[in-house]
Amino acid sequence: MSFSTFSLESIVRPNILSLLPYRCARDDYSSGILLDANENSLGPVLDETRFHTPTDNPIDDHLNRYPDPHQTLVKERLVKFRGVPSTDHLFIGVGSDEVIDLLIRIFCVPGKDKILITPPTYGMYPVCAKINDVEVVKVNLKVEDGEDRFQLQNEQKISDTLSKNPTTKIVFLCSPGNPTGNALNHSSIKALLEDPNLHGIVAVDEAYIDFTKEDDNIGSVAKWVEQYPNLVVMQTLSKSFGLAGIRLGIAIGNPKIIRLMNNTKAPYNINTLTSKAALSALTTESISNMHEKVSTILSERAKLIISLKNIPGIEIIGGKDTNFLLVRILDETHRSPSSIRARWLYRELAEHIGIVVRYRGNEVGCEGCLRITVGTPDENKLLVKNLSRLLGENVN
Ligand SMILES: Cc1ncc(COP(=O)(O)O)c(C=O)c1O
């Protein structure tokens, strides 16, 4: 099936296609004397001396009421900010993690359908697949040294894999990648979307997109959703907006897919405190604050790269497009990657210095690798000082 003959109805699970979504009285009437949802009419129970709600008044914040199931205000701001055609093209969930799980539940029949991932990649795709009893097919990214390290394999290789696995319903691409830190070329994503052996959708996870420089061949593909009905783009407020704690993820796609996501989600998935925080993050002023924070992180990343390059035994192999770097720790001769040394550093940093990085040495193409988030200037200095000291020592 090519994207031009894409038929959503033929790839969605029949039970989801025929699902009558849960409806509540608030879908019809959302104001007045609300005696429809068995809430506590006397108001929320909170220690108001300690707990501050967004307006500082729990009654005004309506915390005793179920939240708006449609979250139209948040969606309208996101649509404006991300240049999405309409709120019908946008779904919001409890982090992108909810979006990943929902897509699998909507498209994949447990025990029959498959997803395709491109390791090294984000760990939640296979975890959600496993939970849903969905098989995972893998086509590794290119991992050899060189300009196209961590890009997709050639079109033919992915196409052949899809042809051998015709029940593959979702291809998850992570761009910019985690743990690679590098964005995928637009041309390779386009080739996949147009592959006649694809009988499902492509979900492009753009969790780190605000750290990526927009140019002709990388950057967000959200603007393609009108052209490609088989594309879903995932984004989040967890990274560039610094709001991982509120759990708000986004899916942008064809309105028919978005409708199925809305039908399938739990009715009140986005809580009132989360939507208030999101509304406050999406004002014009807050968005420019986000951009400032991103550029500070990018200039800190540039400084961190210079400092790390001066430490013998470290090689930076990823992180061109994200707020983290993927660094390879070499053995004592500085000739080959050493996962033993990387793991030792990981423990030393955590247990003796109190700096927690992520060991990624078990991932495909990441032997000897640590993934390091760009911290504050002081945190980065402390990290560099200790990496440099520790790498001057012997492992044992
Ligand atoms: C690639 C990628 N996708 C999704 C997520 C999860 O995002 P959220 O916090 O929106 O669930 C992460 C978090 O680390 C990530 O790295």
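Here is a walk through a predicted model, strand by strand and then into the ligand site.

Let's start at strand E4, which covers residues 168-174. Is this strand covered or open? It's mostly covered: 7 of its 7 residues are buried. Strand E4 has neighbours to pair with, and it helps to recall how that works. Strands of a sheet pair through backbone hydrogen bonds, and they can do so either parallel or antiparallel. One partner of E4 is strand E2, made of residues 114-117, and the two run parallel with 4 bridges joining them. If you want to find that pairing in the model, look for Leu116, which stands opposite Val171 in E4. Another partner is strand E5, residues 201-205, again in the parallel sense, this time over 5 bridges. Here the pair to look for is Ile170, which stands opposite Ile201 in E5.

How does the chain get from E4 to E5? Follow it through helix H7, residues 186-193: together, E4, H7 and E5 make a right-handed β-α-β unit.

Now step across from E5 to strand E6. These two pair in the parallel sense over 4 bridges, and Asp205 stands opposite Met234 in E6. Much like what you saw for E4, strand E6 is mostly covered, with 6 of its 6 residues buried. Which way do its residues point? Leu231, Val233 and Gln235 point one way, while Val232, Met234 and Thr236 point the other way. That back-and-forth is a handy pattern to know, since in a regular strand the side chains alternate between the two faces of the sheet. In E6, the residues pointing each way are all buried.

On to strand E7. Here the direction changes: E6 and E7 pair in the antiparallel sense, over 5 bridges. Thr236 has a bridge partner in E7, and that partner is Gly249. Keep Thr236 in mind, as it turns up again at the ligand.

Between E6 (231-236) and E7 (249-253) there is a loop, and Ser240 lies in it. Is Ser240 buried or exposed? With a relative accessibility of 6%, Ser240 counts as buried, because the cut-off for buried is under 20%. The side chain of Ser240 also has company: a polar contact of 2.5 Å joins it to the side chain of Asp210.

Time to visit the ligand. There are 13 residues around it, and those that come nearest are Ser96, Asp205, Thr236, Ser238 and Arg247. You've already met Asp205, opposite Met234, and Thr236, the partner of Gly249. What sort of residues make up this shell? They divide into 4 nonpolar, 5 polar and 4 charged. Helix H4, residues 95-107, gives the largest share, 3 residues.

Zoom in on single atoms and you can pick out some polar neighbours. An N or O atom in the side chain of Thr236 is 2.6 Å from an oxygen atom of the ligand. For Lys239, a polar side-chain atom lies 2.8 Å from a ligand oxygen. Asp97 uses its backbone instead: a polar backbone atom there is 3.1 Å from an oxygen atom of the ligand. How much of the ligand does the protein cover? On its own the ligand has 400 Å² of accessible area, and the protein covers 91% of that.

While you're at helix H4, find Ile104, which has its place there. Ile104 is buried, with a relative accessible area of 0%. Its C-alpha atom is separated by 22 Å from that of Pro69, and the two residues are 35 apart along the chain.

Compare that with His89, in the loop between helix H3 (72-82) and strand E1 (90-93). His89 has a relative accessible area of 10%, so it is buried. His89 and Asn254 are 165 residues apart in sequence, yet their C-alpha atoms are 5.7 Å apart in space.

Finally, head further along the chain to another sheet. This one is an open sheet of 4 strands in the order E8-E9-E11-E10, with antiparallel pairing. Which strands sit at the edges? They are E8 (314-318) and E10 (358-359), each of which pairs on one side only. Inside the sheet, strand E9, residues 324-329, runs antiparallel to strand E11, residues 369-373, and 5 bridges join them. To spot this pairing, look for Arg328, standing opposite Cys369 in E11.

How values were computed: Residues are numbered from 1 along each chain as its sequence is written. This is a predicted model: local features need pLDDT of at least 70, side-chain atom pairs count only at pLDDT 80 or more; totals for chains, interfaces and linings use all residues. Side-chain values use heavy atoms; hydrogens and water are left out. Buried means under 20% relative accessible area, exposed over 50%, partly exposed in between (1.4 Å probe, protein chains only). Two strands pair if DSSP finds at least two bridges between them. A crossover is right-handed if, with the strands pointing away from the viewer, the path from the first strand over the helix to the second runs clockwise. A residue is near a molecule or strand if one of its heavy atoms lies within 4 Å of it. A polar contact is a pair of N or O atoms within 3.5 Å; within protein, one must be able to donate a hydrogen and the other to accept it, and residues adjacent in sequence count only if both atoms are side-chain atoms. Accessible areas come from the Shrake-Rupley method with a 1.4 Å probe; for residues, only the protein chains shown count as cover. Ala, Val, Leu, Ile, Met, Phe, Trp, Tyr, Cys and Pro count as nonpolar, Asp, Glu, Lys and Arg as charged, and the others, Gly among them, as polar.
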